[in-house]
Amino acid sequence: MKVIMISGSPHKEGSSRLALREMEKVFAAEGIESELIEVGAGPVSGCTACGACKKTGVCVIGDRVNEAIEKLAAADALVVATPVHYASPAGALLAFLDRMFYAGGSKFAHKPAAAFASARRAGATASLDVINKYFTISQIPIISSTYWNMVYGSCQADAAQDAEGLQTARNLARNMASAASRQAKSPA
């Protein structure tokens, strides 16, 4: 089994990445492969609403989006992590997800997914709501944890002190492992 993890953070050592590392540990312990796709550090073009992807199943903008579509289509589950910028998910992540779900969303149906947010203080639940809408529109079951899927801290060192947030990330990964395992075993 394989979980694709998408990070919208421009910081490879930020709070979002810390939460994803906690999840990676659980996935590894469960025998689940994980792969990280980082989209926050480079420029990501927004959707131009050209409609070509509906005919071809790929985005005409030749960047990492098409590669991510194929990776997720072959994987069993998805985790999307974002820092909170101005009370919403990172802009590059939203541009990436818009294009990924427009072009490939039908390939992701019924694969379990989860959103995770890192914030200094506010905007985390709004960010989770935005990301979860990509899942519900695409018939993707949403995996929860034992609390809201978020960690708090203005930097990784601060977030490392949020024991409850990191435990939430680990519990989320356990729930994802269980759901992905059931999904992989169910007849198509």
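Colleague: Which residues does Phe96 touch, not counting residues up to four places away in sequence?

Modeller: This is a predicted model, where local features need pLDDT of at least 70, side-chain atom pairs count only at pLDDT 80 or more, and totals for chains, interfaces and linings use all residues. Residues are numbered from 1 along each chain as its sequence is written, and side-chain values use heavy atoms, with hydrogens and water left out. Contact means heavy atoms within 4.5 Å. On that basis Phe96 touches Ile6, Ile37, Val39, Val44, Arg64, Val65 and Ala68.

Colleague: Which element gives the most to the largest nonpolar core?

Modeller: A nonpolar core joins buried Ala, Val, Leu, Ile, Met, Phe, Trp, Tyr and Cys residues through side-chain atoms within 4.5 Å; buried means under 20% relative accessible area, with a 1.4 Å probe and protein chains only. The largest core has 36 residues. Elements are DSSP runs numbered from the N terminus: helices (H or I, at least four residues) and strands (E, at least two). With 8 residues, the top contributor to this core is H4.

Colleague: How are the rings of Phe101 and Tyr134 paired: stacked, edge-to-face or tilted?

Modeller: Rings of Phe, Tyr and Trp (its six-membered ring) pair if their centres lie within 6.5 Å; planes under 30 degrees apart are stacked, over 60 edge-to-face, the rest tilted. Here the centres are 5.4 Å apart and the planes at 40°, so the pair is tilted.

Colleague: What relative accessible area does Tyr134 have?

Modeller: Phe101 is buried, at 9%. Tyr134 is buried too, and its relative accessible area is 14%.

Technical notes. Buried means under 20% relative accessible area, exposed over 50%, partly exposed in between (1.4 Å probe, protein chains only).
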